[in-house]
Amino acid sequence: MLHFLEATLSAMNLPLPEDGTFAVADLGCSCGTNTLFLMGIIVEHVSKMYAALGRDSPEFQVFFSDLPCNDFNVLFQLLPPQLGSSSLEQCLAAAEEQRSYYAAGMPGSFYGRLFPSTSINVFNSTFSLHWLSQVSSAYHASDLLSNTFEDEELPLFGDALEQVPERVTDKRSPAYNRGRVFVHGASADTAAAFERACGGVERGS
């Protein structure tokens, strides 16, 4: 996956450093170390792109975004100390990994507006197909999520789960996903159905 991410970053037009802060947002960040790893990769790669052009890197701002029920406290406790900080935390962790970006949380669903217009340079969302914008009429959100979330937590998803592709819920279809809302480990037919539903083009079509 990293080579796809880096190839996508390499293809973008870099804003001039004097244009201001370079902003990155991870949508669906959860509260583990994966998001920290990927945000570090993005910031490092973009910094190298500026260096290759003989430019100074701008300041980086990273927004970690997820639903309000996400445990942001756990995530922020995992943040490496910020590079250049003179805090006691920085001194004690001098030998540990440091981050070269400012960090902030942005609670909310990415199915709604989260940021002002043109305020983010790079969006990242890993495994966003876990939570599609629609759920089939044959499957309600409570049915699909009942094994994962408590009943009182389901309304937090609002309209985020309203309808998935019919082929995915049809037991006669090769794309049938066995009632699951996620695609990890699913067949190529299932992945293609989700890809088309999310605005992509099925391979071979």
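A residue counts as buried when its relative accessible area is under 20%. This cut-off is used throughout the description below, which concerns a predicted model. Helix α7, residues 188–197, gives a case to start with: Thr190, Ala192, Ala193 and Phe194 are buried there. The buried residues of α7 pack against another helix, α6, which spans 166–169. In the protein as a whole, 34% of the 205 residues are buried. The exposed surface comes to about 12,300 Å², and carbon and sulfur atoms supply 52% of it.

Next comes the order of the elements. The protein has seven helices and four strands. Followed along the sequence, they give the pattern α-β-α-β-α-α-β-β-α-α-α. Many contacts join distant parts of the sequence: of the contacts with a separation of 6 or more, 69% are between residues 24 or more positions apart.

How are the strands arranged? The four strands form an open sheet in the order β3-β2-β1-β4, and their pairing is parallel. At the edges are β3 (102–107) and β4 (122–124), each of which pairs on one side only. Neighbouring strands in this sheet are turned against each other by 20° on average, with direction ignored. One pairing can be followed in detail: β2 and β3 run in the parallel sense and are joined over six bridges. Phe63 is found opposite Ala104, a residue of β3. Helix α2 packs on the sheet, where it touches β1, β2 and β4. The direction of α2 makes about 150° with that of β2.

The nonpolar residues inside the protein can be considered next. The largest nonpolar core contains 23 residues, and Phe22, Met39, Ile42, Val46, Phe64 and Tyr101 have the most contacts inside it. At least two residues of this core come from each of α1 (2–10), β1 (22–27), α2 (33–52), β2 (60–66) and α3 (72–78). The element that gives the most is α2, with nine residues. Helix α2 thus appears twice in this account, as a supplier of this core and as a helix packed on the sheet. Another core lies apart from the largest one; it has seven residues, including Phe63, Leu114, Phe115 and Ile120. Phe63 is the residue already met opposite Ala104.

The cysteines remain. How many disulfides does a search of the whole structure find? The search finds zero. A disulfide requires two cysteine sulfur atoms within 2.5 Å. For Cys29, the closest cysteine sulfur is that of Cys31, at 8.1 Å, so the two are too far apart for a bond. Seen from Cys31, the closest cysteine sulfur is in Cys29, again at 8.1 Å and too far for a bond.

Is Cys29 buried or exposed? Cys29 is buried because its relative accessible area is 5%. Cys31 has a relative accessibility of 26%, so it counts as partly exposed. Cys69 also counts as partly exposed, because its relative accessibility is 39%. The position of Cys69 is in the loop between β2 and α3. Although Cys69 and Pro107 are 38 residues apart along the chain, their C-alpha atoms are separated by 8.4 Å.

How values were computed: Residues numbered from 1 in each chain as written. Predicted model: local features only at pLDDT ≥ 70, side-chain atom pairs only at ≥ 80, totals over all residues. Heavy atoms only, no water. Core = buried A, V, L, I, M, F, W, Y, C linked by side-chain atoms within 4.5 Å. Buried < 20%, exposed > 50% of the residue type's maximum accessible area, 1.4 Å probe, protein only. Contact = heavy atoms within 4.5 Å. Areas by Shrake-Rupley, 256 points an atom, 1.4 Å probe, with all protein chains shown as cover. Pairing = 2+ DSSP bridges. Axes fitted to C-alpha atoms, helices over the stretch in contact; angles between N-to-C directions.
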